[in-house]
Amino acid sequence: MLDLHYKRVVTPNRVTLGAELNVVPTLESQVSFGAEFNLTRSKIHMGVDGTGKIQTLLETKLGMAPGSPSLNLCADVDFKNDTMKFGYGLNIA
């Protein structure tokens with residue numbers, strides 16, 4: 001089995017990109033790409049893999065004070081299985 005990983009910090013504490021390749025002896029391989037963007041009060045995670053699956057997560061803080069509520073929105077689209085999922089969450093500390 002061969003695993004290759006790549007991570008690139010484009011802008012420190014702001015933008016990070018990554019890729020992963022997995023190869024097994026039966027010549028079945030998997031590839032995935034991802035990105036993370038850190039904004040002032042939000043964070044966005046995105047990922048795409050070789051099977052046609054796209055995943056996205058948005059985390060945002062609703063206030064400036066420490067311990068303020070946060071909102072999470074996520075989406076998952078799988079073109080291979082023709083499915084779409086959406087979710088949300090609210091964290092109140």
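**Figure 1. The side chain of S68 reaches the backbone oxygen of A65 at 3.0 Å.** This is a predicted model, and the opening close-up sits on one serine. S68 is found in the loop between β5 and β6, with β6 covering residues 70–78. A second backbone oxygen is also within reach of this side chain: that of G63, at 3.1 Å. Is S68 buried or exposed? With a relative accessible area of 18%, S68 falls under the 20% cut-off, so it counts as buried.

**Figure 2. Seven strands make up an open sheet.** Going across the sheet, you meet the strands in the order β1-β2-β3-β4-β5-β6-β7, and the pairing is antiparallel. Why does one side of β1 and of β7 lack a neighbour in the sheet? β1 (2–11) and β7 (83–91) stand at the edges and each has a single partner strand, so one side of each stays free of a neighbour in the sheet. From one strand to the next, the twist averages 10°. As background for looking at any of these strands, side chains in a regular strand alternate between the two faces of the sheet.

**Figure 3. β1 and β2 pair up through a hairpin with N13 in its turn.** The two strands run antiparallel and are joined by nine bridges. To find your bearings, look for L2, which stands opposite V23 in β2. Three residues sit between the strands of this hairpin. N13, in the loop between β1 and β2, has a phi near 60°, a positive value in a residue other than glycine. For context, most residues other than glycine have a negative phi. N13 is out in the open as well: at 72% relative accessibility, it counts as exposed.

**Figure 4. β2 and β3 form a hairpin with five residues between them.** Here the residue to pick out in the turn is L27, with a positive phi of about 65°. Nine bridges hold the antiparallel pair β2 and β3 together in the sheet, and one place to check the register is L17, whose bridge partner in β3 is A35.

**Figure 5. N22 in strand β2 makes a side-chain contact with E20.** The two side chains are joined by a polar contact of 3.5 Å. N22 itself counts as buried, at 17% relative accessibility.

**Figure 6. Moving along the sheet, β3 meets β4 and β4 meets β5.** Strand β3 (residues 29–38) pairs with strand β4 (residues 42–49) in the antiparallel sense, over seven bridges. Which residue is the bridge partner of G34 in β4? That partner is G47. β4 and β5 also run antiparallel, joined by seven bridges, and K43 stands opposite E59 in β5. The hairpin of β4 and β5 has three residues between the strands, and G52 there takes a positive phi near 90°.

**Figure 7. Nine bridges join β5 to β6.** These two strands run antiparallel. A handy pair to zoom in on is I54 and V77, with I54 standing opposite V77 in β6.

**Figure 8. The largest pocket holds about 190 Å³ of space.** Of the 13 residues that line this pocket, the closest to its centre are A19, E20, S32, F33 and G34. Which strands each supply at least two residues of the lining? They are β1, β2 (15–23), β3, β4 and β5 (53–61). By character, the lining of the largest pocket divides into four nonpolar, six polar and three charged residues. Two of the central residues turn up in other views: E20 contacts N22 through its side chain, and G34 has G47 as its bridge partner in β4.

**Figure 9. D82 sits in the loop between β6 and β7.** This aspartate is exposed, with a relative accessible area of 67%. Phi of D82 is near 55°, another case of a positive value in a residue other than glycine. If you widen the view to bring in V15, the C-alpha atoms of D82 and V15 are separated by 30 Å, and the two residues are 67 apart along the chain.

Notes:
Residues numbered from 1 in each chain as written. Predicted model: local features only at pLDDT ≥ 70, side-chain atom pairs only at ≥ 80, totals over all residues. Heavy atoms only, no water. Pairing = 2+ DSSP bridges. Helix = DSSP H or I, 4+ residues; strand = E, 2+ residues; numbered from the N terminus. Axes fitted to C-alpha atoms, helices over the stretch in contact; angles between N-to-C directions. 1 Å grid on protein atoms, 1.4 Å probe; cavity = no way out; pocket = protein on both sides within 12 Å on 5 of 7 lines; lining within 4 Å. Points joined across faces, edges and corners; volume = space filled by probe spheres on them. Nonpolar A, V, L, I, M, F, W, Y, C, P; charged D, E, K, R; others polar. Buried < 20%, exposed > 50% of the residue type's maximum accessible area, 1.4 Å probe, protein only. Polar contact = N/O pair within 3.5 Å; in protein donor to acceptor, adjacent residues only side chain to side chain.
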